[in-house]
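Thanks, everyone, for making the time this morning. I would like to walk you through one strand and its surroundings, so please keep the picture in view while I talk.

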Amino acid sequence: MNSISVLHIELFQAGKNTSDFYFNTMKNHLVVGHRHIEKPHRHDFYAAVLFTGGRGVHEIDFQKYEVSEGSLFFLSPGQIHSWELSEDIEGYIFFCSQEFYEMHYVNQKLRNFPFFGSVSFPRQLQLSPSELKKNISLFQELGKEHLSKNNIMKDGLILSLMSQIFINATRLFSKDFDTMASSAGLSYFKHYQDFENLIELHFAEQKSIAYYASLLGISSKHLNRIVQTVVQKTATEVITERIVLEAKRMLMYLDESLVEIAFRLGYEEYSYFVRVFRKSSGMTPTQFMRKYKA
């Protein structure tokens with residue numbers, strides 16, 4: 001089996017007692033975690049990465065992003081990622097478990113932030129010089145607090161700084177999606193999150209827009225309007241992309257035939273599955289395996 005490893009926070013903690021939060025500079029992180037992160041891998045935690053220097057490529061769920069000064073990335077549990085970075089890379093990284101963040105907030109959930117709540121949402125934010133300066137300050141303050149000893153309400157300040165980073169990023173993302181800034185836009189995004197949550201539960205069995213629209217209590221036409229507004233795609237494209245993403249993950253870490261994988265994803269005709277996969281990804285399942293298992 002060609003397995004994609006799932007990494008846990010404690011792998012990076014070097015004997016520390018806590019396994020709920022981790023912070024490091026990129027240079028130190030690459031040294032500490034080298035044996036774990038040199039190949040494509042997944043996390044069971046949420047992560048944010050800010051690059052302040054150097055260049056490279058960051059691949060998240062088989063989509064490549066250019067890394068440069070001011071690149072800010074967000075990763076959710078289960079996503080497969082890897083990177084190729086220059087020797088002069090600089091920046092900061094932190095992880096947190098869902099429990100660490102959400103046990104302190106009654107109403108705020110990590111999935112409420114669009115970059116954590118949607119697999120279709122962009123994973124990279126390219127910061128302007130002024131926004132980069134602001135985020136460097138927040139990341140540095142976060143690292144300073146993490147290293148502090150016996151500070152009163154230490155976790156509270158760490159959580160506050162993380163929330164500032166997440167909220168600032170959400171506001172910057174929303175500038176690219178004007179409707180998200182309005183109450184109507186927020187309502188659309190909530191409906192879109194509900195749609196994606198239903199896809200997570202049913203994508204292997206149900207692939208029709210009408211099915212999901214019915215569960216949401218809205219028309220297929222209105223569901224398409226919501227999806228087009230939030231992610232500039234059709235509802236069918238979102239459903240198909242989620243299926244193909246799962247197919248790619250299965251091709252990478254399951255020792256099963258292509259026909260078996262197609263069947264598990266609800267396709268009785270393998271040839272039809274291949275057409276869907278190729279239309280969405282630009283390559284056949286076999287070509288994908290050759291590229292990523294090389």
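Let me start with a single pairing: the bridge partner of S71 in β10 is Q126, and L72 likewise has a bridge partner in β10, namely L125. Please bear in mind throughout that this is a predicted model.

These two bridges belong to a wider contact between strands, in which β7 and strand β10, residues 124-126, pair in the antiparallel sense over 3 bridges. Strand β4, which spans residues 46-53, also pairs with β7 in the antiparallel sense, over 4 bridges, and here A48 has F74 of β7 as its bridge partner.

If we step back, we find an open sheet of 5 strands with antiparallel pairing, in the order β2-β9-β4-β7-β10. Because β2, residues 21-25, and β10 stand at the edges and have a single partner strand each, one side of each is left without a neighbour in the sheet. On average, neighbouring strands of this sheet are turned by 10° against each other, if direction is ignored.

Now, how many of the residues of β7 are buried? Strand β7 runs over residues 71-75, and 5 of its 5 residues are buried. In a regular strand, side chains alternate between the two faces of the sheet. In β7 both faces are covered, with S71, F73 and L75 buried on one side, and L72 and F74 buried on the other.

Finally, there is a helix to point out: α5, residues 129-147, lies across β2, β4, β7 and β9, and runs at about 120° to β4.

How values were computed:
Residues numbered from 1 in each chain as written. Predicted model: local features only at pLDDT ≥ 70, side-chain atom pairs only at ≥ 80, totals over all residues. Heavy atoms only, no water. Buried < 20%, exposed > 50% of the residue type's maximum accessible area, 1.4 Å probe, protein only. Pairing = 2+ DSSP bridges. Axes fitted to C-alpha atoms, helices over the stretch in contact; angles between N-to-C directions. Contact = heavy atoms within 4.5 Å.
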